[in-house]
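The exercises below go through a protein model step by step, and each task is followed by a worked solution. Please keep the sequence and the structure in view while you read.

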Amino acid sequence: MASNRLQALTTQACRQALAQIRLLATDMDGTLTHQGEFAPSLLITLEKLKASGMPVLITTGRSAGWVNGLLHYLPVELAIAENGGLYFTKTNRHPTFLQPLANDHRQLLLQQFNRLRQQYPQLKESSDNPFRLTDWTFDVTGLSLEDLQWMTSNCHENGWGFTYSTVQCHIKPLPQDKASGLAQVVAQQFPDLAHHQVLTIGDSPNDESMFDPAQFPHSVGVANVRHYLDTLTHHPSFVTQAEEGAGFGELVEELFDAINR
């Protein structure tokens, strides 16, 4: 089984990797959440990371509007929205775009969405789609792997990228993904850090670029990533025992242990 190739956090290789980490870049839905919500323990964990001087970045597929609001309330350094499309910092709440966009970008995204609806007329845009700037989203519920593969091919044929998460599907510019967006943010905001000092964390296909060791050598999947391993080209280096937010908490405990040894 592919999942057997994933190494546990308790291995010596993981401890050596964690000892190098100076920045956490984590997905949100399915990685920080528990059954779709933030648990009280997450806020405690994030406060501990902040107090320790370990910066945390959120890199999510969620919309610019949602992420701008979340950044106001969470103890994190900055947040990347829309799978690497743009980001906000605590000191600059205006979006910094990571991809060039045409003036009619939203209209062009709608055209591609309508192409998909010709094949799948039941598709409905996501509730947060009006708050987006760089991509177009619709609900993933009810779509099979074959449906998603067809959509990926159709988007590529028409010059668009496509990805999906546990929550929604994203039509986006072809070069736009979490790893490329994160690489730009690290260069702009943390220029003294090398990529091997960044730990990327996720759980689903839209996190796959962050699992690519050629981009970020050290990555962790919370345990629910196992549901997607057969569809991923790149797998995380290490995996937690617990799923979702509990897995993130497990990882942070191992991180503190490795750094303080």
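Two strands are taken to pair if DSSP finds at least two bridges between them. The model used here is predicted.

**Exercise 1. Work out the strand order of the three-strand sheet, and place the helix that lies across β7, β8 and β9.**

Solution.
- Step 1: Following the pairings gives an open sheet in the order β7-β9-β8, and the pairing is antiparallel.
- Step 2: The edge strands, each of which pairs on one side only, are β7 (136-139) and β8 (160-164), and the twist from one strand to the next averages 20°.
- Step 3: Between β8 and β9 (residues 168-173), which run antiparallel, there are five bridges, and within this sheet F162 stands opposite I171 of β9.
- Step 4: The helix is α5 (residues 145-157), which lies across β7, β8 and β9 and runs at about 160° to β8.

**Exercise 2. Describe the sheet of nine strands, and explain why β1 and β6 each have one side without a neighbour.**

Solution.
- Step 1: The nine strands form an open sheet with mixed pairing, in the order β1-β12-β11-β10-β2-β3-β4-β5-β6.
- Step 2: Because β1 (7-8) and β6 (96-97) stand at the edges with a single partner strand each, one side of each has no neighbour in the sheet.
- Step 3: Inside that order, β3 (residues 56-59) and β4 (residues 78-81) pair in the parallel sense over three bridges, and T59 stands opposite I80 in β4.
- Step 4: Helix α3 (residues 64-73) lies across β4 and β5 (86-89), at about 20° to β5, whereas helix α6 (residues 178-189) lies across β2, β3, β4, β5, β6 and β10, at about 150° to β4.

**Exercise 3. State how the chain is divided into domains, and how many residues each domain gives to the contact.**

Solution.
- Step 1: The domain assignment gives domain 1 as 7-99 + 176-260 and domain 2 as 104-173.
- Step 2: The C-alpha centres of the two domains lie 24 Å apart, and the contact takes 20 residues from domain 1 and 16 residues from domain 2.

**Exercise 4. Characterise the largest cavity by its volume, its lining and the domains that supply the lining.**

Solution.
- Step 1: With a cut-off of 30 Å³ or more, the count comes to one cavity, and the largest cavity has a volume of about 70 Å³.
- Step 2: Its lining consists of 13 residues, of which D29, T60, G61, S165 and N206 lie nearest the centre.
- Step 3: Sorted by class, the lining has eight polar, four charged and one nonpolar residue.
- Step 4: Domain 1 and domain 2 each supply at least three residues of this lining.

Technical notes:
Residues numbered from 1 in each chain as written. Predicted model: local features only at pLDDT ≥ 70, side-chain atom pairs only at ≥ 80, totals over all residues. Heavy atoms only, no water. 1 Å grid on protein atoms, 1.4 Å probe; cavity = no way out; pocket = protein on both sides within 12 Å on 5 of 7 lines; lining within 4 Å. Points joined across faces, edges and corners; volume = space filled by probe spheres on them. Nonpolar A, V, L, I, M, F, W, Y, C, P; charged D, E, K, R; others polar. Domains from an automatic or database assignment. Helix = DSSP H or I, 4+ residues; strand = E, 2+ residues; numbered from the N terminus. Axes fitted to C-alpha atoms, helices over the stretch in contact; angles between N-to-C directions. Contact = heavy atoms within 4.5 Å.
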